[in-house]
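Dear colleague,

I am passing on the structure we spoke about, and below it you will find my notes on what turned up when I went through it. Please read them with the model open beside you.

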Amino acid sequence: MQDYREYSSASRRAAILGAVLSITAAGVFAAATAANARQGQTSQGQLTPRQLEIEKQRLRLSSAETEARREALTRLGSMHHPAASRVALSALSDPSPIVRATAAAAVLSLPAEESVASLLPLLADKDEFVRQQVAYALGQTRSRAAVAALIDLLADKKDSVRGSAAVALGQIADEAAVPSLAALLHPQSGLMPAKKNKKSKREQNPFVLRAAAHSLGQIGNRAGLPALIVVLQDEQAGDDLRREAAFALGAIGDSSAIPALRGALTVRDPYLAQAAHEAIRKISRLQNSRGV
């Protein structure tokens, strides 16, 4: 009888232990399943704040409201991240000009060659503002791959587009743009090949002219000196343009510009005289640093 009671007690203890082990195993399995689920969500990129924000703006790009799409692109551009810019690419073909123009700046966090390739077709856009903003965006890429197309854009019918192209060429600072920029200031500069049956026409828009002069200074190639000197000495040119020419001559830093700059020291415009003075000082410092 005693043996039976001991056997029965042992059986109950084994049953209780088995139940406990089963419950524990079930809990471990459930915890592992939940952990795997969380890991799967993370691997899908659904939990990072940046990815959630990009997805939110991607959905807004399909809105019927133009302003909503524009705001989405502004937000994507402000993130300064390649993934955000890649989402913005689709908006370059948006039916609204303001959206296409906004998209031009929003794609600039992509590698330069990818940004340029996506933007170049929009230089032929029918909308003036789109062409202008695309030119500015190409300048920010600092890519030489955009230079040829921007040079062609210097002949655009719209002043704002020509001006943005001139600004962009200065930002890229490729010497290949010097002849075209110099020709805007002085068509007879001799840097551009003569065109058959077509007289060169001097640019008239003040902003375009100032942008061309400034960009020649940014590029810093002495081939731009003759056109800049002509502008500096031209009393019919606007004072703002002559000042920009003086600044550019100082930036190039070639001593051959000093006689023309000295001639501007006694002009009526005190700001032009000051610009010429500063340019002479800058050239002298550069020459001394080079041991000339």
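Across the whole structure, a search finds 15 salt bridges, and since the model is a predicted one, please take the distances that follow as computed from its coordinates. One of these salt bridges joins glutamate 55 to arginine 58, with the closest N and O atoms 2.5 Å apart. Both residues belong to helix H2 (residues 49–60), where they sit three residues apart, about one turn of the helix. Glutamate 55 is partly exposed, its relative accessible area being 34%, and arginine 58 is also partly exposed, at 40% relative accessibility.

Two other pairs link parts of the chain that are separated in sequence. Arginine 86 and glutamate 114 meet through their side chains in a salt bridge of 2.8 Å, N to O; because arginine 86 is in helix H4 (residues 82–88) and glutamate 114 in helix H6 (residues 112–119), the pair ties together parts that are 28 residues apart in sequence. Here arginine 86 counts as partly exposed at 42% relative accessibility, and glutamate 114 counts as partly exposed at 28%.

The other pair is arginine 144 with aspartate 174, whose closest N and O atoms are 3.3 Å apart. Arginine 144 lies in the loop between helix H7 (128–141) and helix H8 (147–153), while aspartate 174 lies in the loop between helix H9 (159–172) and H10, so this salt bridge ties together parts that are 30 residues apart in sequence. Are the two partners buried or exposed? Arginine 144 counts as exposed, with 63% relative accessibility, whereas aspartate 174, at 14%, falls under the 20% limit and therefore counts as buried. Apart from these pairs, Asp159, Arg162 and Glu203 are joined into one network by salt bridges that share partners.

Turning to the interior, the largest nonpolar core holds 76 residues, and those with the most contacts inside it are Leu150, Leu181, Leu185 and Leu261. Helix H11 (residues 206–219) gives the most to this core, contributing seven residues. If you would like one residue to look at, leucine 181 is in contact with Leu154, Ala166, Leu169, Ala212, Ser215, Leu216 and Ile219, once its neighbours within four places in sequence are left aside. As background, nonpolar side chains in soluble globular proteins tend to be buried together.

Helix H13 (residues 239–252) also deserves a look: its 14 residues reach 20 Å from the first C-alpha to the last, close to the 20 Å expected at 1.5 Å a residue. H13 is mostly covered, with 10 of its 14 residues buried, and the buried ones include charged side chains such as Arg242, Arg243 and Glu244 alongside Leu241, Leu249 and Ile252. The buried residues of H13 pack against helix H10 (178–185), H11, helix H12 (225–233), helix H14 (258–263) and helix H15 (270–289). Glycine 253 follows H13, and its phi is positive, near 80°.

For the overall picture, the protein has 15 helices and zero strands, and 42% of its 292 residues count as buried. Among contacts with a separation of 6 or more, 63% come from residues 24 or more positions apart. The protein exposes about 16600 Å², of which carbon and sulfur atoms supply 55%.

With best wishes

Technical notes
Residues are numbered from 1 along each chain as its sequence is written. This is a predicted model: local features need pLDDT of at least 70, side-chain atom pairs count only at pLDDT 80 or more; totals for chains, interfaces and linings use all residues. Side-chain values use heavy atoms; hydrogens and water are left out. A nonpolar core is a set of buried Ala, Val, Leu, Ile, Met, Phe, Trp, Tyr and Cys residues joined through side-chain atoms within 4.5 Å. Buried means under 20% relative accessible area, exposed over 50%, partly exposed in between (1.4 Å probe, protein chains only). Helices (H or I, at least four residues) and strands (E, at least two) are DSSP runs, numbered from the N terminus. Contact means heavy atoms within 4.5 Å. The expected span of a helix is 1.5 Å times one less than its number of residues. A salt bridge is a side-chain nitrogen of Lys or Arg within 4 Å of a carboxyl oxygen of Asp or Glu. Accessible areas come from the Shrake-Rupley method with a 1.4 Å probe; for residues, only the protein chains shown count as cover.
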